[in-house]
Amino acid sequence: MTISFLMDGKEVIVEENKTLLEVARENGIDIPTICFHEVTTANALCRICVVEVEGQRVLQPACIVKAAAGMKVQTRSEKVIRARKTILEMLSSTMDLSEAPEIQTMMREYGADTSRFPDAERRESDVIDDNPMYIRDYSKCLLCWRCVQVCAEDAQYTFAINFDGRGFETQIGTFFDKTIPETSCVLCGQCVAVCPTGALKPKREYLLEQGMSPQEISVLNTGRKKRKA
Amino acid sequence: MSEIDLTPLKPAIESYIPLGRSGLLPALHAAQKIYGWLPQVVAGEVAKLLHVPLADVHGVIEFYSLYYNEQVGKTFIRVCTDPACALKGADRLLDHLCNHYDVKPGQTTEDLSLTIERSPCLGLCEQAPAVWTMDDGQWTVGDGEKEDDRPRSSVYGQIRELTSNCGEGTTTLAKYGEYSAYKKAMTLKPEDVIAEIKASGLVGRGGAAFPTGVKWEGAAEADGTQKYVVCNADESEPGTFKDRILLLDDPHRTIEGMCVAAYAIGASKGYIYIRGEYPYIVPVLENAIIEARDAGYLGEKFDIEIRVGAGAYICGEETALFESIEGKRGFPRVKPPFPTTNGLFDKPTIINNVETLCNVPLIISKGSTEYRRIGTEKSPGSKLFCVSGDVVKPGLYEVEFGVTLRDLIIMASGVASKKSLKAVLFGGAAGAFATSEHLDVKLTFEDLRSAGLPLGSGVVMVFDETRDIRDVLKRLGKFFAHESCGKCYPCQMGTQRQMEILNRVAVGDALPDDYVRLEDVGWTMTDASLCGLGQTAASAVLSAMKLWPELFKDEGGGMKDEKKKVSKVSEAAKKPVVKKEVSKVSKVSKAMKKVSKVKPKAVKKVTKAAAKIKKKTTTKTTKKK
């Protein structure tokens, strides 16, 4: 069955049971996303995809809210713009987004001021290099949860990582900060694949960035074979 | 680690093992009772016995502030420094204690004899300043005037309907009498019970004011044979203490309310989720449940389990509370689906506040017509107000809906020390400020709504003319930053940024753009947060900005110009055109340079790590048995 509703003043007719984000993308309307990923359960936590739906007290996340007949949706109302812009400004005041080009583009598009919050506490931590497959640089982590999700029920059922702390102090962590080889991690690499900011990075890519030559890296032989031996 | 004896652990958590993951919080409580904290080997053993992944157990320990994964003092003192207690000298008390024992807030003495911590609201606001002491497993609360290890209940007001059994210790079943409302309900059809609740006009008393009957109807009509009734006793809103008194003095009223609810929706299992800061209520409830079982009110058809929280304001949010019962971090879920169809364990659930449930036996016994004889047409019945701060007689006040704020303050014998009124914080930390202009507003849902004030959880916190509202705001900012769960971005970062700005404002050090910055953060949290915590985390701040804009101005003024600038920026943002990238980039790198200079977090981490190391060494030398 199809339904009809208004998106940015234009009537759209779509199949039932589609999210506002899906409808927008099909109709060439740009709604930005950060935490959303096709392979992970949508948690609607970054709130960058919020839109204004007439009759709703608060803004609605387009990634999970389903289109309904008669709905009136504004994807770029004043409220929406303020929320997106402020979220982006808070992100840039919190973590290192130098390796998140999509978010940088978003910031330019929304006119986000990267120095909006002077004297703001940032989330900083040292690079954790404790296994042969990937490094963890939580200064770049924006807590999209994707790594925790793919490590758990969304893919691997490994449950090697979860959360440390709460609120602003939240960080991805292992059981009592154990190193990755000491956890249930099977080095499947799925967490690295879904990380949007370079917080999780293949070890070799990291070493190249650190100035090591491919040759030097190849003789390091940091692969799993060595670990077993 | 090897010195830790695991033998007493299994027997202590045996009964939670069949619950699996849902048994995690009770198991961790039991473990912490044995060891005083949660060492790695203990957490690992709990994980193994309950079949919960190690990382998840750690995640839960990290989330709840009453679980400790490093050794804490044998004696533990928590001093509440939230607004109501701050008015009564909580900071001085904390300083005094810390100086006396030569320890800083949040630290443990080297010999592991004492930990002193700043605490969020302990729900003892009418007897501020509140202190909660744990001495070798023995709890003491209140202002030090020990009374059977339980706080006093100061109950006043105009009528005594909900509070008829409050104020004189715990009411036993013998004194409460039979569950006549429950018996009467069972002579009716479940749908007629719901119709009666709907006809009474009862709405939720926890803060959201949702019509109770409609909620019940939703769960009654939902598909499924397993349904739940949950009593939300996670009262943690700063300034709120009504549920503490209702449960401590009259536990059977809540239990009877739950029985009626269970009958109405066809639930066989109920939970009372009580905040971890109310340990003294747990044995009272346990005993009342045993009495109710013995009398045949609870048992095969419907029974109740108590769950104790572990220090997380967010767990008062209904879906976060379900997650907590399920043994997880208290992250709120996205809604819809709503609890009435997909609640606890994904089953149809009704979740009601303690005060809401206490209204139920009254409505059923009297009938909705008689119940509506007091209060107003749109706000029927009576209401409990938690009056604290600068009044002569702080306490719990039961009044008819419709008395004015002035009436209530007069009942409390007026503003203390013959001073005049500056402001009233309405509805708690998530509420809004009122001033003397609002004294004649009637305390009803409809009148308060049109005055732009939330009834919330019934908080009326009074500030006299000498008080500095900026100090109050600083504390509210700290509270929300401490209690944000960290799930959604607006609240996770917004509560932190709001706190930082309010800290500057409090010391008169506001930056030129802070007013607009605070507004943008506040409205972003309000409009875009995932749950009620974030959506109201700026409510009191935004109301104060409207009432006293001068408090937020920097020394040089210039606020208006800043406002203009921002509206220009948002105009630009509306047009999604990428322009002048070069200048933006240079701005970015400028910002980066600035940022790299400021490294408060790193410093903090180092000291934290240093403290840890220090603790570890002392642990080894002083080895506690």
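Is A:Gly189 buried, exposed or partly exposed, and how many other C-beta atoms lie within 10 Å? The tour of this predicted model begins at that residue.

**Stop 1: A:Gly189**

Select A:Gly189 and centre the view on it. The residue is partly exposed, because 14 other C-beta atoms lie within 10 Å, a count between the limit of 12 or fewer for exposed residues and that of 20 or more for buried ones. A:Gly189 sits in the loop that runs between β8 (171-173) and α5 (190-194) of chain A. Next, add A:Met133 and A:Tyr134 to the selection: A:Gly189 is in contact with both, its neighbours within four places in sequence being left aside. For a sense of scale, pick A:Ala83 as well. From C-alpha to C-alpha, A:Ala83 and A:Gly189 are 33 Å apart in space, with a separation of 106 residues in sequence.

**Stop 2: chain A as a whole**

Now display chain A alone. Its secondary structure comprises eight helices and nine strands, and its C-alpha atoms fill a box of roughly 65 × 45 × 35 Å along the principal axes. Chain A has 229 residues, of which 48% count as buried. Among contacts in chain A with a separation of 6 or more, 60% involve residues 24 or more positions apart.

Colour residues 1-121 of chain A as domain 1 and residues 134-228 as domain 2. The C-alpha centres of these two domains of chain A lie 28 Å apart. Where they meet, 15 residues of domain 1 of chain A are in contact with 14 residues of domain 2 of chain A. The domain 1 side of this contact has nine nonpolar, four polar and two charged residues.

**Stop 3: the contact between the chains**

Bring chain B back into view. The contact between the chains takes 50 residues from chain A and 58 from chain B. On the chain B side, select the helices α4 (54-63), α19 (469-483), α20 (489-506), α21 (514-528), α24 (559-574), α25 (581-597) and α26 (600-622), each of which supplies at least two residues. With nine residues, α20(B) gives the most to this side. Colouring by class shows 27 nonpolar, 14 polar and 17 charged residues on the side of chain B that touches chain A.

**Stop 4: a six-stranded sheet in chain B**

Hide chain A and turn to the open sheet of six strands in chain B, whose order is β6-β12-β11-β15-β13-β14 and whose pairing is mixed. Its edge strands, each paired on one side only, are β6 (155-157) and β14 (432-434) of chain B. On average, neighbouring strands of this sheet are turned by 30 degrees against each other, direction ignored.

Within the sheet, select β11 (residues 382-389) and β15 (residues 459-464) of chain B, which pair in the parallel sense over four bridges. Here B:Cys386 has B:Val459 in β15(B) as its bridge partner. Then add helix α23 (residues 539-547) of chain B, which packs on the sheet and touches β13 (421-426) and β14 of chain B. The direction of α23 makes about 35 degrees with that of β14(B).

**Stop 5: a β-α-β crossover in chain B**

Finally, select β8 (residues 269-274) and β9 (residues 303-308) of chain B, two parallel strands joined by six bridges. Opposite B:Gly270 stands B:Ile304 in β9(B). Trace the chain from β8(B) through helix α13 (residues 281-294) of chain B to β9(B): this β-α-β crossover is right-handed.

Terms used. Residues are numbered from 1 along each chain as its sequence is written. Chains are lettered from A and ligands numbered from 1 in the order in which they are written. This is a predicted model: local features need pLDDT of at least 70, side-chain atom pairs count only at pLDDT 80 or more; totals for chains, interfaces and linings use all residues. Two residues are in contact if their C-beta atoms, placed from the backbone, lie within 7 Å. Two strands pair if DSSP finds at least two bridges between them. Axes are lines fitted to C-alpha atoms, for helices over the stretch in contact, and angles run from 0 to 180 degrees between N-to-C directions. Ala, Val, Leu, Ile, Met, Phe, Trp, Tyr, Cys and Pro count as nonpolar, Asp, Glu, Lys and Arg as charged, and the others, Gly among them, as polar. A crossover is right-handed if, with the strands pointing away from the viewer, the path from the first strand over the helix to the second runs clockwise. Domain bounds come from an automatic or database domain assignment.
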